[in-house]
Amino acid sequence: MKQAIILAGGAGTRLKDRLGDLPKPMIPIAGKPLLEHQVELAKAHGFIDLVFFVHYRADLIENHFGDGSKWGVRIRYVTEREPLGTAGAVLAGSELLGERFVVLYGDTMVNVDLGRIWKAHENAKADATLLLHPNDHPLDSDLVEMDANSRVLAFHNRPHPQGRWYQNLVNAGLYVLEKGALLKHAPAVTPHASHITDFGKDIFPAMVRGGATLLGYNSPEFIKDIGTPARYDRVCAQFANGTIARSSLATPQRAVFLDRDGTLVHDRDCLRSADGLELLPGVSAAVHDLNHHAWRTVVVTNQPVIAKGWCDEAELQRMHNKMETLLGLEHAFLDRIYYCPHHPDAGFEGERRELKIRCDCRKPGIGMIQKAVADLNIDLAQSWMIGDTTTDMQTAKNAGLKSILVRTGAGGGDGKQAATPDFVCDDLQAAVKLILEQDAKSADRR
Ligand SMILES: [Zn+2]
């Protein structure tokens, strides 16, 4: 029986005039307590063994949910007498924990395909899996660093030093945990305040230090806290307009695939270091528009500089961290960045022979697009590709994407491939405007 535990002890002081006597997890969203949305989500993904960690007005929560049978689940309760922090509470009630369980925060509106993250956790044989997502204000967020295999390497808390670039990945507050690993690493944790231990601040950093396997699960799915009146109102509006319902990866997603050099950043002949990377004008605003309209933004870029030995993976990562940081300064983010490190022509000095191969990821091959489809459940028939070369246009055609050629960068004058674009625009901003207009037109027809 799959288990989910829900941390539902919050009082919601900053929401007092909306809540009255109610505890924070009981705040209504579309006429139903927030916590009830979570119970239904858990049930929908086969999690029927639920444990609620309650504190403030526990009586109101227990009266509403009882033993859970009305929702087809089993609910048990652990009452926290004094505040112990998120992890402290769970450790204190550890006798009710199964071997593996999902952790949800009862003050967040969530629409995550829980079965999918559970499976990713199992496949990776991880000790803990953390749902991570890019956000629109990375500079003042605590950031998580992970490697190419999605293993969490470090936590970088704000304030961030000047001139260092990090991946835009934030701990969203949803986990899959192995009980054994939690109990093994908990004794090494020093509470950050007297008796208070949190998962994010204390437990996960201790697990990384102790050599545990933490998987970063990068997902665009909806998860937001409702801690202030403004955030609460926004979540209610997003519920009403369908944004939350569409965000789950159980639902096919729409994406805009973006070329990098000449489309997002200045095309400097074979960019080899982060220092030379600069966004093209208007790019942040364009990406932000896509974010705002819930299009998944996915970069697909050929980087033969790796195979040629001109730049290594670490420097390429720095470049991409810088690109994400520059976008983040203007509240824009990318859902994924995929690159092909290969190149087909061998026989040059300094090259990396193992990467000099004919691969299926180098555009116009569609390996990177297929990887994105697998990672983000993308519906290609509803998706677009924007790029500055005939190779991008051929990639779009090969993958069944609608295409837009931008006149920045090569502007389609490279003559390498035969495919012609569906549309031509001056730059990324014009291309995004066109996509949003086309979408509005087809919405009118629907
Ligand atoms: Zn490749």
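Q: How many residue pairs are in polar contact across the interface of domain 1 and domain 2?
A: The model is predicted, and side-chain atom pairs count only at pLDDT 80 or more. Salt bridges between domain 1 and domain 2 number zero. With both residues at pLDDT 80 or more, the residue pairs in polar contact across this interface number six.

Q: What area is buried between domain 1 and domain 2?
A: Domain 1 covers 2-243 and domain 2 covers 252-445, with their C-alpha centres 33 Å apart. In the contact between them, 12 residues of domain 1 meet 20 residues of domain 2. Carbon and sulfur atoms give 57% of the buried area, which is about 1,500 Å².

Q: Which residues of domain 1 lose the most area to domain 2?
A: The area in question is the part that domain 1 buries against domain 2. Three residues together make up 42% of what that side buries: Asp136, Trp165 and Pro220.

Q: Which residues coordinate the zinc ion?
A: The donors follow the spacing C-x1-H-x16-C-x1-C along the chain. Cys340 and His342 are both buried. At 2.1 to 2.3 Å, the zinc ion is coordinated through SG of three cysteines and ND1 of a histidine, namely Cys340, His342, Cys359 and Cys361.

Q: What is the arrangement of the four donor atoms around the zinc ion?
A: Four donors count as tetrahedral if all angles lie between 85 and 135 degrees. The angles subtended by the four donor atoms here are 98 to 120°, so the arrangement is tetrahedral.

Technical notes. Residues numbered from 1 in each chain as written. Predicted model: local features only at pLDDT ≥ 70, side-chain atom pairs only at ≥ 80, totals over all residues. Heavy atoms only, no water. Donors = N, O, S within 2.8 Å, 3.2 Å for Na, K, Ca; no water. Tetrahedral: all angles 85-135°; square planar, octahedral: opposite > 155°, others 65-115°. Buried < 20%, exposed > 50% of the residue type's maximum accessible area, 1.4 Å probe, protein only. Domains from an automatic or database assignment. Contact = heavy atoms within 4.5 Å. Buried area = accessible area lost by both parts, 1.4 Å probe. Salt bridge = Lys/Arg side-chain N within 4 Å of Asp/Glu carboxyl O. Polar contact = N/O pair within 3.5 Å; in protein donor to acceptor, adjacent residues only side chain to side chain.
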